[in-house]
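Here are a few exercises to work through with the model open beside you. Try each task before you read its solution.

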Amino acid sequence: MSTYVIGDVQGCFKELLKLTKKIEFNPLKDTLIFAGDLVNRGPQSLEVLDFCLKNKKSIKVVLGNHDLYLLSLINNNQKKAKTLSPILKSKSASKYFNWLVKKPMLLKVKIKETHETFWISHAGIPYFWSLTKAQKLSRELSKSLQNDPSFVLNNMWGDRPNKWNDNLKGTKRLRLIINCFTRMRYLDMQGGINLKTKDTGPKKELEPWFVKSKKLLKSSDEYIIFGHWAALNGKTKIKNIIGLDTGCVWGGKLTAIRLEDKKIFAVKG
Ligand SMILES: [Mn+2]
């Protein structure tokens, strides 16, 4: 019985199969947790979703920005969008929608054997929330997404506001929650999230979100795991904050971590 977290698959179905072979995934015993961005850009997004639905009892997912994009396209009945078109045109589009729309922004996973706790979200957890607050906000967002998907999916676009405040309401609130969980990479000097910059070269006025988020982890038994930021190639230089996006869709690797012993498994993209 093992629990694996897998980085951004982005429609790379062949690599996903190779990886599940490498870890000897047994759907009757093991759990796969996807760190978001199952779909888009890669060639076989539909096959990735079919794999997930086929094994849904042993699969957990947190939503990534590309997954939300897919939900918005299905919700608006759009049929064409480059690599997502086969899903949009499929008779099962609503089946994929109904499965994905129930997925959380954040997962908390406790491993019995080691007494370790892993907080998993696609982009990370910003320093201005506590872990408990992040969990509450993830639940709040999921509730809105399920009660009124059109409202959430049609109002999530945009980079503002970029600073948290407990009094935020309506679309501003849901947009910032979504952006923190699914798009965040850097913080600016005012402590807001900066959504423009991707590369990891030296920055004068920006710092990676995880530098400040170290303080959220109160013991060495707690970890944050995220995907989304391929340019990091998994490196945060912070022991308890683990990046899993190793850019499979860009010719890098698809990476998994086994939570019981934190062993890393990877296959070439
Ligand atoms: Mn992403």
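The exercises below cover a metal site, a small sheet and two pockets.

This is a predicted model, in which local features need pLDDT of at least 70, side-chain atom pairs count only at pLDDT 80 or more, and totals for chains, interfaces and linings use all residues. Residues are numbered from 1 along each chain as its sequence is written, and side-chain values use heavy atoms, with hydrogens and water left out.

**Exercise 1. Find the protein donors of the manganese ion and place them along the chain.**

Step 1. Look for donors (N, O and S atoms within 2.8 Å of the metal, or 3.2 Å for Na, K and Ca; water is not among the atoms, so sites may look incomplete). You should arrive at Asp37 (OD), Asn65 (OD1), His122 (NE2) and His228 (ND1), at 2.1 to 2.3 Å from the manganese ion.

Step 2. Write their spacing along the chain: D-x27-N-x56-H-x105-H. Asp37 sits in the loop between β2 (31-34) and α2 (45-54), and His122 in the loop between β5 (116-121) and α6 (131-147), so this pair ties together parts 85 residues apart in sequence. Helices (H or I, at least four residues) and strands (E, at least two) are DSSP runs, numbered from the N terminus.

Step 3. Check burial, where buried means under 20% relative accessible area, exposed over 50%, and partly exposed in between (1.4 Å probe, protein chains only). Asp37 is buried at 2%, and His122 is buried at 0%.

**Exercise 2. Work out the strand order of the open sheet of three strands.**

Step 1. Two strands pair if DSSP finds at least two bridges between them. β6 (residues 186-188) and β7 are antiparallel and share two bridges; Leu187 has Ile193 in β7 as its bridge partner.

Step 2. The order is β7-β6-β8, with antiparallel pairing. β7 (193-194) and β8 (206-208) are the edge strands with a single partner each, so one side of each has no neighbour in the sheet.

**Exercise 3. Describe the lining of the largest pocket and of the second largest pocket.**

Step 1. A pocket is an open set of points on a 1 Å grid over the protein atoms alone, where a 1.4 Å probe fits, with protein on both sides within 12 Å along at least five of seven lines; lining residues have an atom within 4 Å of a point.

Step 2. The largest pocket has 24 lining residues, with Asn65, His66, Arg185, Lys198 and His228 nearest its centre. Helix α3 gives the largest share of this lining, four residues.

Step 3. The second largest pocket has 13 lining residues, and Pro208, Phe210, Leu232, Lys235 and Lys237 lie nearest its centre. Both β8 and α9 (209-213) supply at least two residues of that lining.
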